[in-house]
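Please look through the model below with its charged side chains in mind, and then turn to the nonpolar residues that are grouped together.

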Amino acid sequence: GATDQQRASKPVPLNALRPGDLVFYGNASYSYHVAIYVGGGQVIEAPRTGALVSYDGVDDAWIGGRF
């Protein structure tokens with residue numbers, strides 16, 4: 001899940017994100033959602049199963065991750 005991806009990646013501050021970095025929602029012990037940063041303060045994500053893939057801001061994210 002998102003927590004496993006968070007732990008496997010190198011932490012990146014939100015102000016240092018690059019397109020293709022992952023963006024995590026939650027906290028240091030549990031991430032409940034992950035999206036992909038596309039630039040300009042925006043991510044692309046599928047908010048839940050069955051939902052359309054869409055763009056959104058990084059406003060609620062707590063950290064990024066990079067592989």
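A residue is called buried here when its relative accessible area is under 20%. In this predicted model, both arginine 66 and aspartate 21 are buried by that criterion, and their side chains meet in a salt bridge with an N to O distance of 2.6 Å. The pair links distant parts of the chain, with arginine 66 in strand 6 (residues 63-66) and aspartate 21 in the loop between strand 1 (10-12) and strand 2 (22-26), 45 residues apart. A search of the whole structure finds one salt bridge.

The side chain of arginine 66 also reaches the backbone oxygen of alanine 16, at 3.0 Å. When neighbours within four places in sequence are left aside, the residues in contact with arginine 66 are Ser9, Lys10, Val12, Ala16, Leu17, Arg18 and Asp21.

Which residues does valine 12 touch, again leaving aside its neighbours within four places in sequence? Valine 12 is in contact with Leu17, Asp21, Ile63, Gly64, Gly65 and Arg66, so that both partners of the salt bridge appear in its list.

Valine 12 and Leu17 also belong to the largest nonpolar core, whose nine residues include Val23, Tyr25, Ala35, Tyr37, Val43, Val58 and Ala61 as well. The elements that give two or more residues to this core are strand 2 and strand 3 (31-39). In soluble globular proteins, nonpolar side chains tend to be buried together.

Key:
Residues are numbered from 1 along each chain as its sequence is written. This is a predicted model: local features need pLDDT of at least 70, side-chain atom pairs count only at pLDDT 80 or more; totals for chains, interfaces and linings use all residues. Side-chain values use heavy atoms; hydrogens and water are left out. A salt bridge is a side-chain nitrogen of Lys or Arg within 4 Å of a carboxyl oxygen of Asp or Glu. Helices (H or I, at least four residues) and strands (E, at least two) are DSSP runs, numbered from the N terminus. Buried means under 20% relative accessible area, exposed over 50%, partly exposed in between (1.4 Å probe, protein chains only). A polar contact is a pair of N or O atoms within 3.5 Å; within protein, one must be able to donate a hydrogen and the other to accept it, and residues adjacent in sequence count only if both atoms are side-chain atoms. Contact means heavy atoms within 4.5 Å. A nonpolar core is a set of buried Ala, Val, Leu, Ile, Met, Phe, Trp, Tyr and Cys residues joined through side-chain atoms within 4.5 Å.
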